[in-house]
Amino acid sequence: MITKLAENVYWVGVVDWSLRRFHGHELSTHRGSTYNSYLITDEKTVLVDTVWGPFQDQLIRNISEVVDPASIDLVVANHAEVDHSGSLPAIMRHASKATVVASSRGRESIEGYYHQPWDFQMVKTGDSIAIGKNSLVFIEAPMLHWPDSMFTYLTGKNILMPNDAFGQHYATAFRFNDQVDQNELYEEAIKYYANILTPFSPQVLRKIEEVLALNLPVDMIAPSHGVVWRQDPLQIVHKYREWASQQPGKSAVIVYDTMWEGTRLMAETVGDGLSGEGVPYKLYNCAVSDRNDMAAEVFKAGAVVLGSPTFNQGILPTLAPFVESLRGLRFKNKIGAAFGSYGWSGEGVPILEEHLRNCKIDIVAEGVRARWQPRADDLQSCHDLGSKVARALKGADPGV
Ligand code: FEO
């Protein structure tokens, strides 16, 4: 069902309730997602972003409720990733005289994906296009989250359409932020930030300052996924500023895997050491936990403690995707430590410590290795490890 955002501005996107994996299988989306596309009917008819290709017929039907798709003059492609550009070929078949408006890198990427001789108009920060009573103003936003990303602002209606920025993978019955469960909304917004935008936090901070300095009136922020921020729209901008600063939380996350329960026992004892110092923690068996949910928890926390038994002179392979995520997400201001059981060679803990160093996570306690099943003194060392991490988190001397 299409939704009117303002006079002559419509949401014509798609709610994908069944989506559980995004970016192929890279990102979990427990609450589905939406692909938001916005139709503006001024003297010119403008479509801002399309939807993922499998939903192109629904997009065409939605547009047809307002105008003949053939009447579209401009298609703004704020970002070329296929969840937003996938229906461009269908739109351009209907509106063969339309111009695609994109950043220069957007054009490069769209041409690379679709190999079509479409008319392009390339825009850069500060450019505007008059569409009748109102104008579109463009703000390039490279690395939020791709080099081609840009924001489009609609004057007169004061609507900022920042594509992926400020989005959430969150399928809902209603389109506006004040109409949905606030806890769910923020759970999805922070998971989205942690898993998609964290590596670009410096660019996020700079872009926010740049946009705020423009002093544009903003009545709505309409991202390309999830709900439109209508009530207190700048709340999500302030949240992004806070998240981008990556101040470490006073909590910890323990991520481990185990073969015969020895490393599980060690993990739980590390947890006792943390909580004994008053530091809350979450504990995940990596083999049966969602990688993106764990990453979101690490983002919120100040410490990450990794555990694995030694397996084939390495770590259990189930931990590899998680540590690779940690490396790529480039979290800042985290501390950590490692532990694990072993039988023969015992490389697991030093390998986990190497991963922590690769992730620029400061190791604040010496790793604990327990041979075979942990004995009482091994568990005491695990407890001490948890206590040291907790004291380091609290700013006290961890006593390494
Ligand atoms: Fe929602 Fe970067 O695509």
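**Salt bridges, cysteines and a helix pair in a predicted model**

E297 is buried, its relative accessible area being 16%. The structure described here is a predicted model. In this model the side chain of E297 meets that of K300 in a salt bridge, with an N to O distance of 3.2 Å. Both residues belong to helix α9, which spans residues 291–300. They are 3 residues apart there, about one turn of the helix. K300, unlike its buried partner, is partly exposed, with a relative accessible area of 36%.

Salt bridges that share partners also connect R31, E187 and E188 into one network. Within this network, E187 pairs with R31, and the closest N and O atoms of the two are 3.0 Å apart. E187 is located in helix α5 (residues 182–197), whereas R31 is in the loop between β5 (27–28) and β6 (33–35). The pair therefore ties together parts of the structure that lie 156 residues apart in sequence. Both partners are partly exposed: E187 has a relative accessibility of 43%, and R31 has one of 25%.

A further salt bridge is formed by R107 and E111, whose closest N and O atoms are 3.2 Å apart. These residues are 4 positions apart in helix α4 (residues 104–114), a separation of about one helical turn. R107 is partly exposed at 26% relative accessible area, and E111 is likewise partly exposed, at 30%. Side chains of opposite charge can pair when their charged atoms come close. Over the whole structure, the search finds 20 salt bridges.

Disulfides were considered next. The structure holds 0 disulfides. C286 is in no disulfide, and the cysteine sulfur nearest to it, that of C359, is 13 Å away. A disulfide requires two cysteine sulfur atoms within 2.5 Å, so this distance excludes the pair. C286 is buried, with 7% relative accessible area. C382 is also in no disulfide; for this residue the nearest cysteine sulfur is that of C286, at 18 Å. C382 is buried as well, and its relative accessible area is 0%.

C382 is one of the residues touched by T269. When residues up to four places away in sequence are left out, T269 has contacts with L379, C382 and H383. T269 is placed in helix α8, which covers residues 262–276. The relative accessible area of T269 is 12%, and the residue is therefore classed as buried.

Packing between helices was examined for α6 and α7. Helix α6 comprises residues 201–213 and helix α7 residues 235–245. The two pack at an angle of about 145°, and their axes are 9 Å apart. The crossing of α6 past α7 is left-handed. On the α6 side, the contact is made by S201, V204, L205, I208, E209 and L212. The α7 side contributes V237, Y240, R241, A244 and S245. Sorted by class, this contact contains 7 nonpolar, 2 polar and 2 charged residues. Among the residues of the contact are the charged E209 of α6 and R241 of α7. The polar class is represented by S201 of α6 and S245 of α7.

Methods:
Residues are numbered from 1 along each chain as its sequence is written. This is a predicted model: local features need pLDDT of at least 70, side-chain atom pairs count only at pLDDT 80 or more; totals for chains, interfaces and linings use all residues. Side-chain values use heavy atoms; hydrogens and water are left out. Buried means under 20% relative accessible area, exposed over 50%, partly exposed in between (1.4 Å probe, protein chains only). Axes are lines fitted to C-alpha atoms, for helices over the stretch in contact, and angles run from 0 to 180 degrees between N-to-C directions. A crossing is left-handed if the near helix is turned anticlockwise from the far one by less than a right angle, and right-handed if clockwise. Contact means heavy atoms within 4.5 Å. A salt bridge is a side-chain nitrogen of Lys or Arg within 4 Å of a carboxyl oxygen of Asp or Glu.
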